[in-house]
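Let's take a walk through a protein model together, starting with its charged pairs and ending in its nonpolar interior. Keep the viewer open as you read.

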Amino acid sequence: MSKISLTYKEQQEAVKWGNARRDSNLNGELKDTGHSGKPMGGDWRINDIIAAGAEIAAARYLGKEFTGTVNTFHNTPDVEGGWQVRCTDYLTGCLIIRQKDIDCLKDKFILMIYEGNSTYRAAGYRVGGDCIDKKYLRNPGNRKPAYFVPQQDLLQYDS
């Protein structure tokens, strides 16, 4: 099991990027309106901070650089080397690939589980295109269908 606890400096970085992303969203600059479900940690600003923290944790886990961008979505990977980061606070959550991910299916998608207190677990990864399989297609809550890859089907990263 690969747990990553953010350092104080990394926590500050997550707050900086999370707030910048939320402020961009509040100013009507948001390009992606596909967010759904409950916010992790109780509100959307905290959610953005947790997500930025997941990208920072994934970068450290992978030994790569966190790109630190705002509102670029698939134009820039979250972590250098073509890594897209997905985060959930559901301990048994799945890696979710949505229709909007179609342009970056060659990228690697890593699932980070937020366990609270600035601690994340790297659950595994898959190349986006490998997730496009009928057995993963679901439509929970009658939203747009997406591919939900369970943690047991994810690959473990070997540096």
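The paragraphs below look at salt bridges and then at nonpolar cores.

Please bear in mind that this is a predicted model. Five salt bridges are found in it, and a good place to begin is the one between E10 and R60, whose side chains come together at 2.7 Å, N to O. E10 belongs to helix α1, which covers residues 8-26, while R60 belongs to helix α2, residues 44-62, so this pair ties together parts that lie 50 residues apart in sequence. The two partners sit in unlike surroundings: E10 is buried, at a relative accessible area of 16%, whereas R60 has 38% and counts as partly exposed. The cut-off behind that wording is 20%, under which a residue is called buried.

Stay on helix α1 for the next pair. Here K16 and E13 form a salt bridge through their side chains, with 3.6 Å from N to O. These two are three residues apart in helix α1, so about one helical turn separates them. Both ends are open to solvent in part by the accessibility figures: K16 is partly exposed at 45%, and E13 is partly exposed at 29%.

Now move along the chain to E115 and R121, another pair whose side chains meet in a salt bridge, this time at 3.3 Å, N to O. E115 is partly exposed, with a relative accessible area of 29%, but R121 is buried, at 11%. This pair does not stand alone, because salt bridges with shared partners join K3, E115 and R121 into one network.

With the charges covered, turn to the nonpolar side chains. Which residues have the most contacts inside the largest nonpolar core? They are V79, V85, I110, M112 and Y120, in a core of 24 residues. Several elements contribute to this core: at least two residues each come from α1, α2, β2 (83-88), β4 (108-116) and β5 (119-127). Helix α2 supplies the largest share, with 10 residues. You have met both helices already, since E10 in α1 and R60 in α2 are the partners of the salt bridge described at the start.

Finally, look for a second group of nonpolar residues. Apart from the largest core lies another one, made up of 13 residues, and C104, L105, A123 and C131 are among them. Selecting these four in your viewer is a handy way to find this other core.

Notes. Residues numbered from 1 in each chain as written. Predicted model: local features only at pLDDT ≥ 70, side-chain atom pairs only at ≥ 80, totals over all residues. Heavy atoms only, no water. Salt bridge = Lys/Arg side-chain N within 4 Å of Asp/Glu carboxyl O. Helix = DSSP H or I, 4+ residues; strand = E, 2+ residues; numbered from the N terminus. Buried < 20%, exposed > 50% of the residue type's maximum accessible area, 1.4 Å probe, protein only. Core = buried A, V, L, I, M, F, W, Y, C linked by side-chain atoms within 4.5 Å.
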